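Visitor: Please pick one part of this structure and go through it closely. Then show me how that part fits with the rest of the chain.

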Amino acid sequence: MSFFITPAFAEAGAGGMDTGMFNMLFLVGFALIFYFFLWRPQAKRAKEHKALIGGLSKGDEVITAGGIIGKVVRLTDDYLVLEVSNGVELKFQKAHVAAELPKGTIKDI
């Protein structure tokens, strides 16, 4: 039966993409995906958080990473003191502030 069908053999070097070039394109594509989906958004969030921390002042209302809401009473270079209730003050690192809340959010203090 094989005498009706001639076997097809691939010729060396005819037409196909070089494996070295394919590997290089694969590596560049992977690097681009890594940059646009992981590194760039993380750098943007870090920049925004640094601006948030730098812009804190006395009287701002913030929420911490642990979910504690309070009003900034005192600030130092690395720490801040939040008043979470009347007469109750807690000391936090500035890096643990998650967001600044609009003025007047806290009514009980």
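Guide: Start at I63, whose bridge partner in β5 is A99. The model is a predicted one, and the pair belongs to an antiparallel pairing of β1 with β5 that is made of four bridges. That pairing is the part to look at, and β1 is the strand to follow.

β1 covers residues 61-64. Besides β5, it has a second partner: β2, residues 69-75, is joined to β1 by three bridges, and these two strands also run antiparallel. Two of the residue pairs on this side can be named. E61 has K71 as its bridge partner in β2, and V62 stands opposite G70 in β2. When following β1 residue by residue, keep in mind that side chains in a regular strand alternate between the two faces of the sheet.

The turn from β1 into β2 is a hairpin with four residues between the strands. In this hairpin G67 takes a positive phi, near 95°.

β2 in turn pairs with β3, in the antiparallel sense, over four bridges. These two strands also form a hairpin, here with three residues between them. L75 of β2 stands opposite L80 in β3. β3 spans residues 79-85, and S85 lies in it. With a relative accessible area of 36%, S85 is partly exposed. Its C-alpha atom is separated by 9.4 Å from that of I69, which is 16 residues away along the chain.

Now go back to β1 and look just before it. D60 sits in the loop between α1 (19-54) and β1, while K103 is in the segment after β5. The side chains of these two residues meet in a salt bridge, at 3.0 Å from N to O. The pair spans 43 residues and so links distant parts of the chain. The two partners differ in burial: D60 counts as buried because its relative accessible area is 5%, whereas K103 counts as exposed at 58%.

The structure holds two salt bridges. Besides the one just described, E89 forms a salt bridge with R74, the closest N and O atoms being 3.5 Å apart. Here E89 is in strand β4 and R74 in strand β2, 15 residues apart, and this pair too links distant parts of the chain. Both residues are partly exposed: E89 has a relative accessible area of 40%, and R74 is at 45%.

A third charged residue, K94, makes a useful contrast. K94 lies in the loop between β4 (88-93) and β5 (97-101). It is buried, yet it has no salt bridge. Why not? The nearest side chain of opposite charge, D77, is 5.9 Å away, and a salt bridge requires a side-chain nitrogen within 4 Å of a carboxyl oxygen. A polar atom of the K94 side chain does lie 3.1 Å from the backbone oxygen of T76. Leaving aside residues up to four places away in sequence, K94 touches I53, L75, T76, D77, D78, Y79 and L80. L75 and L80 have come up already, as residues that stand opposite each other across β2 and β3.

That leaves the whole chain as the frame. It contains one helix and five strands, which run α-β-β-β-β-β from the N terminus on. Of its 109 residues, 17% are buried; D60 and K94 are among them. The accessible surface comes to about 8800 Å², and carbon and sulfur atoms account for 64% of it. Among contacts with a separation of 6 or more, 40% are between residues 24 or more positions apart.

To find the part again in the view, start from I63 and A99, cross to V62 and G70, and end at the salt bridge of D60 with K103.

How values were computed:
Residues are numbered from 1 along each chain as its sequence is written. This is a predicted model: local features need pLDDT of at least 70, side-chain atom pairs count only at pLDDT 80 or more; totals for chains, interfaces and linings use all residues. Side-chain values use heavy atoms; hydrogens and water are left out. Buried means under 20% relative accessible area, exposed over 50%, partly exposed in between (1.4 Å probe, protein chains only). Lys and Arg count as positive and Asp and Glu as negative; His and the chain ends are not counted. A polar contact is a pair of N or O atoms within 3.5 Å; within protein, one must be able to donate a hydrogen and the other to accept it, and residues adjacent in sequence count only if both atoms are side-chain atoms. Contact means heavy atoms within 4.5 Å. Accessible areas come from the Shrake-Rupley method with a 1.4 Å probe; for residues, only the protein chains shown count as cover. Two strands pair if DSSP finds at least two bridges between them.
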